[in-house]
Amino acid sequence: MKNYQRLLSACVLAGLLSSCDNSSQIDPKKQTGADPELPKAQNFLMPPMKVPEGIPWKSGEMPKVADGLKIEKIAEGLKHPRQVYVLPNNDVLVAESNGPAKKLIFRPKELIMGLVQKSSGKGGEGGNRITLLRNTGGKWEKHTFIAQVNSPFGIQLTGNTLWIASADSLIKYPYQTGETEITAPGEVVTLLPGGPINHHWTKSLLASPDGSKLYVGVGSNSNITENGIGAEDRRATILEVDAATGASRIFASGLRNPTGLQWEPQSGKLWAVVNERDEIGSDLVPDYMTSVQEHGFYGWPYSYYGQHVDERVKPARPDLVEKAIKPDYAISSHVAPLGLLFYTGENMPQYRDGAFVSEHGSWNRKPLNGYQVMWVKFEKGKPVGLPQPVVTGFLTDDQKQVRGLPVGLAMDKQGGVLIADDAGNVVWRVSKAQ
């Protein structure tokens, strides 16, 4: 903590952070929905930075939940749990990872940004494994299910094949119901964009309903191509992979960091939550969730929210800007959405016909934004109205300290919602109050 503060102080003296006082001027509610308010873009030598201090959950502390709900801890002592996935027998798989060990730094700004983000608990060693949780009479067992995976994130099961999306490859394993460990070596089905930079290393994953295709969300290798357009090959995309052959194609593009891939139950369409670009102000650019069209282009890096041109990107591509698709629903700026769950259970009927979204939280916005799990109502396959906070309390009321960071979401067979708490190293379960 002291080291990053010293470095920031040095940057202030150098004049690099002269614009860090640029605070939000727009109520987040006005940047929510189909038509978010978008101010004029600003340019910064260094972006505004604000993070809370990361502290552990104290004994007995838990996030807060909406009226009528309860929350319980089902696992702790994990190493950066990122995703949760419920198997048919109600066992829960947890992907533990915190990114590839080696990361190249090309600019002083990247070093400072990394130090700032780590202070909130985003640093530290990841487990690089898949852990299995099993409920045995009210007590949760913990087993190392698959050891030594290179920064796993996405998990899917089709038939007797378990798929894991790591930082640089899609891997399949044989699966038998009830086993608590897989010792068989995984088979790499296809390589995914990785490399020495691997800026957005998390690879989200979703199987088609018939299991014949796998959809992989691949984030960009930069904020707005500052590492060169060559570093963005097949990035900022959702890839479609043939399960039988491993052959892949770009299903949709221009999505800076698509995560939380899900099928919307009413329309059957593919949906994603997307982390948008940074460094043009506390109020730009709103992150969003959207239906994803085959062959669709969603603007990154050349524009945002349809035809709003990002003047920083050279050379310009007016041809691509013209065809950029406007996202369906903004969820305000810099909340960092990472998990999406369309709720179909009976346990919490008030949340049926809607989607839960986990917000990992901002690092470059004043005041802070996100740090919660919220819910959005859907009607006829489209989001409507304002989001409702459901799980909060990760961030202290004074915004000075953070105890946890929600990422992956899943629904168990009883209709409870599971939450992977990245910085808290916990898996939480939310259900109706008894």
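This report looks at one buried serine, one antiparallel sheet and a set of salt bridges in the structure above. The model is predicted, so please read every value here as computed from that model.

**Ser204 and its surroundings**

Let us start inside strand β13, which covers residues 203-207 and holds Ser204. Is Ser204 buried or exposed? With a relative accessible area of 3%, Ser204 is buried, because anything under 20% falls in that class. The side chain of Ser204 has a polar partner: the backbone oxygen of Pro258, at 3.0 Å. Pro258 also appears among the residues in contact with Ser204 once neighbours within four places in sequence are set aside. That list further includes Thr259, Gly260 and Leu261, along with Tyr215, Val216 and Gly217. Phe153 and Gly154 complete the set of contacts.

**An open antiparallel sheet**

Next comes a sheet of 5 strands, open and antiparallel, in the order β3-β26-β25-β24-β23. Its edges are β3 (64-65) and β23 (337-343), each of which pairs on one side only. Within the sheet, β24 (residues 354-359) and β25 (residues 372-379) run antiparallel to one another and share 6 bridges. If you would like a place to look, find Ala355, which stands opposite Val376 in β25.

**Salt bridges**

How many salt bridges does the model hold? The count comes to 21. Three of them are set out here, with the N to O distance and the relative accessibility of each partner.

| Pair | N to O distance | Accessibility of each partner |
|---|---|---|
| Asp35 and Lys326 | 2.4 Å | Asp35 59%, Lys326 41% |
| Arg129 and Glu96 | 3.0 Å | Arg129 22%, Glu96 0% |
| Asp319 and Arg317 | 2.7 Å | Asp319 42%, Arg317 31% |

Asp35 and Lys326 meet in a salt bridge. Asp35 sits in the loop between β1 (32-33) and β2 (53-54), and Lys326 in the loop between α3 (318-323) and β22 (329-333), so this pair ties together parts 291 residues apart in sequence. Asp35 counts as exposed, while Lys326 is partly exposed.

Arg129 and Glu96 form another such pair. Arg129 belongs to strand β7 (residues 129-136) and Glu96 to strand β6 (residues 92-96), so their salt bridge links parts 33 residues apart in sequence. Here Arg129 is partly exposed, whereas Glu96 is buried.

Asp319 and Arg317 are joined by a salt bridge as well; Asp319 is partly exposed, and Arg317 is also partly exposed. Elsewhere, Glu276, Arg277, Asp310 and Arg312 are joined into one network by salt bridges that share partners.

Notes
Residues are numbered from 1 along each chain as its sequence is written. This is a predicted model: local features need pLDDT of at least 70, side-chain atom pairs count only at pLDDT 80 or more; totals for chains, interfaces and linings use all residues. Side-chain values use heavy atoms; hydrogens and water are left out. Helices (H or I, at least four residues) and strands (E, at least two) are DSSP runs, numbered from the N terminus. Buried means under 20% relative accessible area, exposed over 50%, partly exposed in between (1.4 Å probe, protein chains only). A polar contact is a pair of N or O atoms within 3.5 Å; within protein, one must be able to donate a hydrogen and the other to accept it, and residues adjacent in sequence count only if both atoms are side-chain atoms. Contact means heavy atoms within 4.5 Å. Two strands pair if DSSP finds at least two bridges between them. A salt bridge is a side-chain nitrogen of Lys or Arg within 4 Å of a carboxyl oxygen of Asp or Glu.
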